[in-house]
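Dear colleague,

I am passing on to you the structure that we spoke about, and I would be glad if you could open it beside this message while you read. My notes on what was found come straight after it.

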Amino acid sequence: MDKIRKFLISDWFTAILIAAASVFVFTNSEIIGTVLFIVVFGLVMALSDDFIPALQTIVIVSCFAIRCKHSYGDFKEFFWLLPPVVLLVLSHFFIYRTKLKKGSCFYGILATSVAVTLGGVGIISAKEYFSPIALAYVFALGFAMLLLYMYMNGALKMRENYVFSERFAKLMVSIIFMLCICLVEEYFSRSAELSGGFDILPFQWRNNGSTLLMLAMPFAFYLSAKNFGWFFVGILSYGAILFTGSRGGMIFGLVELGICFVVMFILDKRHRPFIAAIFGVCLIVAFLLRYALFDMISYTISRLLNPSENQIRLQLISRGIEDFKANPVFGRGIGYMGNNDVHNNAEFTLCWYHCSPVQIFGSFGIVGIAAYAFLFFSRVKVLLKNFTFFNVMIFLSYIGLEMMSFVNPGIFAPFPYLFLITIYFVIIERCNNDDDKKVLPLLTRGQYGGKK
């Protein structure tokens with residue numbers, strides 16, 4: 001068992017997962033692949049008390065499962081596997097007992113859980129509030145995350161057999177490699193649609209793909225402090241974002257990339273000349289290839305500037321203001337479907353505003369505004385109290401998701417986004433040892449990863 005557990009936290013395990021996922025992607029077998037990865041997740045949960053291998057499985061499967069939209073009927077054929085997988089997962093909690101712990105963000109998550117649960121009180125219809133989909137989202141966005149947070153506060157901890165910060169950073173960076181593979185397959189299989197250049201192809205998973213890439217980007221820069229080659233993987237993540245064709249990814253991904261450059265330039269004294277040189281080269285290359293680059297992203301830009309492409313989101317902002325005015329204290333509630341005429345929501349989802357501030361005041365009113373502001377304050381406080389280089393990069397990943405949430409459901413997607421963010425702040429508080437705390441002073445003196 002010790003050898004199995006050692007393998008599960010190794011780079012080999014990650015490589016095998018990526019290789020297997022690549023086979024499923026290139027054979028258009030994402031449905032079967034998703035099912036098998038869920039089984040692997042159950043087995044990993046049963047075999048180890050460490051949640052990191054299970055989380056590695058989750059992030060890899062998320063990268064190709066986002067291509068399975070409108071596939072409920074296909075997944076139904078495999079529902080017979082659900083009971084044994086549930087038993088495997090439940091066995092983890094019985095074999096490796098963990099005490100639930102509060103943590104510094106407990107009351108912030110509790111406040112948002114109450115706000116989500118009370119959303120729409122006094123105005124939402126019973127049919128909408130008690131619909132199965134609405135109840136599932138209310139629980140998943142609220143008290144389920146509170147339970148997850150308390151569980152992870154007990155389960156996630158430093159381990160003697162690996163460096164947590166490096167292992168988690170590699171776990172997140174695996175998203176970049178996996179999504180690059182997905183993009184290669186997408187463009188290769190549809191090469192006949194290309195006009196001979198590097199055109200951007202439209203596909204339904206572009207926003208999810210770019211959001212995952214933005215979550216992963218800062219971790220590549222974190223790893224670059226010790227091994228500078230990872231710096232180029234961080235840049236690669238933005239290149240991949242451009243090929244998704246996501247408008248939000250193109251804009252906010254560039255902002256995030258810029259922030260990562262600035263942070264690394266300020267903090268990483270040893271590599272500062274290289275970072276400045278790379279930034280300069282990127283500007284020169286972008287200028288020299290400006291016409292080719294513009295042609296490549298013209299599809300994304302045309303969608304960004306086309307009023308009809310943005311009409312739905314703009315109308316939803318207006319509706320959100322109206323919904324807030326209709327019930328200022330508690331909002332319309334997350335299950336409210338009155339805006340379905342503007343945005344026809346997908347199967348088994350709610351009618352999102354596609355803008356997190358509007359979602360907060362439109363769905364939860366003043367109570368929601370206060371609750372989410374308190375949660376954000378709690379998260380910032382946790383970072384400042386545990387201010388390490390690793391935690392700064394985790395927080396940048398969180399900020400990346402918050403930016404994408406201005407134009408997408410983002411933080412209101414329970415899985416994988418809110419799920420990951422909830423775990424982030426457990427890690428910030430509980431998974432830094434004395435060596436992690438020494439990195440920032442060494443980094444700023446140019447002594448981290450070797451002497452200058």
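His354 counts as buried because its relative accessibility is 14%, where buried means under 20% relative accessible area, exposed means over 50%, and partly exposed lies in between, judged with a 1.4 Å probe and protein chains only. This residue has a positive phi of about 60° although it is not a glycine, and its place is in the loop between helix H18 (307-326) and helix H19 (356-385).

Please keep in mind that this is a predicted model, in which local features need pLDDT of at least 70 and side-chain atom pairs count only at pLDDT 80 or more, while totals for chains, interfaces and linings use all residues. Residues are numbered from 1 along each chain as its sequence is written, and side-chain values use heavy atoms, with hydrogens and water left out.

Asn28 also has a positive phi, of about 55°, without being a glycine; this residue sits in the loop between helix H2 (11-26) and helix H3 (30-47), and it is exposed, with a relative accessible area of 57%.

As for the whole protein, its secondary structure comes to 22 helices and zero strands, where helices (H or I, at least four residues) and strands (E, at least two) are DSSP runs numbered from the N terminus. Buried residues make up 53% of the 452 residues. The radius of gyration, taken over C-alpha atoms and compared with a globule rule of 2.2 Å times the number of residues to the power 0.38, is 22 Å, which agrees with the value near 22 Å for a compact globule with 452 residues.

One peptide bond deserves a look: Phe415 and Pro416 are joined by a cis bond with omega about 5°, and Pro416 lies in helix H21 (residues 414-430).

Finally, there is a nonpolar surface patch of about 560 Å², made by Leu100, Val114, Leu118, Val121, Phe139, Phe143 and Leu147. Patches are made of residues with over 30% relative accessible area and no salt bridge, with like charges joined within 9 Å and nonpolar side chains (Val, Leu, Ile, Met, Phe, Trp, Tyr) within 5 Å; a salt bridge is a side-chain nitrogen of Lys or Arg within 4 Å of a carboxyl oxygen of Asp or Glu, and accessible areas come from the Shrake-Rupley method with a 1.4 Å probe. Val121 is partly exposed, with a relative accessible area of 38%.

With best wishes
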